[in-house]
Amino acid sequence: MAKPRKRLFIGLLTASSAVVLLFAFLLWWVPSVGLVNIHPVLPVLFGIILGLLTFFVVGGLGMLVLTLLTGRDLFLSQRLRKLVIRYLFPGIISIGRLVGIDRDTLQQSFIALNNQLVRAKKLRVSPDKALILLPHCIQLFDCDIKITGDVSRCIQCGKCDISGLSAAANKRGIDIAVATGGTLARKIIVERRPRFILAVACERDLTSGIRDSYPLPVIGVLNHRPNGPCFNTHIVMDEVEKVLDEFITSES
Ligand code: SF4
């Protein structure tokens with residue numbers, strides 16, 4: 001994914017940190033004027049509580065920026081990472097929307113950032129612990145074979161990208177599944193219990209899928225939509241192969 005998308009998110013993270021600091025100061029300063037009349041220690045206590053909260057938020061944002069810049073996993077705590085990904089990301093997306101950045105660009109940025117965070121973990125899993133999760137729109141609309149639920153039914157005729165994806169999964173011994181929506185995707189994940197997922201989808205589905213699946217490491221690969229959304233979509237096989245080479249060991 002292109003670097004400018006990542007830079008956009010770094011810019012938003014920095015702007016968000018500035019907004020949080022300013023907001024925290026106002027939140028402390030305005031009531032402090034009244035609190036001091038109740039007891040002179042109250043503004044200090046209030047300041048400490050607010051300062052700790054601000055430290056978490058700005059510290060989390062700062063660690064994200066550093067992780068992005070260095071390519072290393074700087075999150076010492078899984079819980080902190082979870083809070084940042086689950087709660088701070090949506091807030092940043094909202095700030096981006098407020099300043100007029102379009103949703104797809106923001107979501108592409110989120111996916112690029114997530115992929116970098118996953119890469120920073122330097123993870124390698126055996127093929128039997130990995131899952132390739134695809135949207136049904138990659139299958140040729142006119143294909144008569146129902147592959148949802150069982151991709152091995154595909155006879156690899158080559159008319160759509162399921163062919164290449166299925167061949168790559170078979171060659172490496174990786175589980176592959178097609179989901180018609182978020183609910184089915186979650187069901188597949190619960191049943192198959194992978195340790196790593198390569199997910200192909202559009203910006204919206206990848207963003208929600210990555211957040212829902214956390215802390216499971218998911219690398220998101222965007223599909224291409226030359227025929228419009230949700231219809232005969234495509235994938236760049238080289239992108240998929242590169243991810244598999246990077247994360248999957250050669251034996252089970
Ligand atoms: S490659 Fe598989 S899924 Fe795609 S059209 Fe051919 S048989 Fe159908």
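In this predicted model, Leu 198 finds its bridge partner in Ile 219 of strand 4. That pair belongs to a parallel match-up: strand 3, covering residues 196–201, runs parallel to strand 4 and is joined to it by 5 bridges. Zooming out, the two strands sit in an open sheet of 4 strands, ordered 2-1-3-4 and paired in parallel fashion. The edges go to strand 2 (175–179) and strand 4 (218–222), each of which pairs on one side only. From one strand to its neighbour, the sheet turns by 20° on average, ignoring direction.

Then come the helices that go with the sheet. Helix 6, made up of residues 182–192, lies across strand 1 (130–135) and strand 2, and its direction is at about 155° to that of strand 2. Helix 7 (residues 203–213) packs on the sheet too, where it touches strand 1, strand 3 and strand 4. Relative to strand 4, helix 7 points at about 175°.

Helix 7 also meets helix 4, which spans residues 103–120; their axes come within 9 Å and cross at roughly 45°. Because angles from 35 to 65 degrees fall outside the parallel and perpendicular ranges, helix 4 counts as oblique to helix 7. The crossing itself is left-handed. On the helix 4 side, the contact is built from Asp 104, Gln 107, Gln 108, Phe 110, Ile 111 and Asn 114. Helix 7 answers with Glu 203, Arg 204, Leu 206, Thr 207 and Ile 210. Sorted by class, this contact is a mixed bag, with 4 nonpolar, 4 polar and 3 charged residues.

Definitions and conventions:
Residues numbered from 1 in each chain as written. Predicted model: local features only at pLDDT ≥ 70, side-chain atom pairs only at ≥ 80, totals over all residues. Pairing = 2+ DSSP bridges. Axes fitted to C-alpha atoms, helices over the stretch in contact; angles between N-to-C directions. Contact = placed C-beta atoms within 7 Å. Parallel < 35°, antiparallel > 145°, perpendicular 65-115°, else oblique. Left-handed = near helix turned anticlockwise from the far one by under 90°. Nonpolar A, V, L, I, M, F, W, Y, C, P; charged D, E, K, R; others polar.
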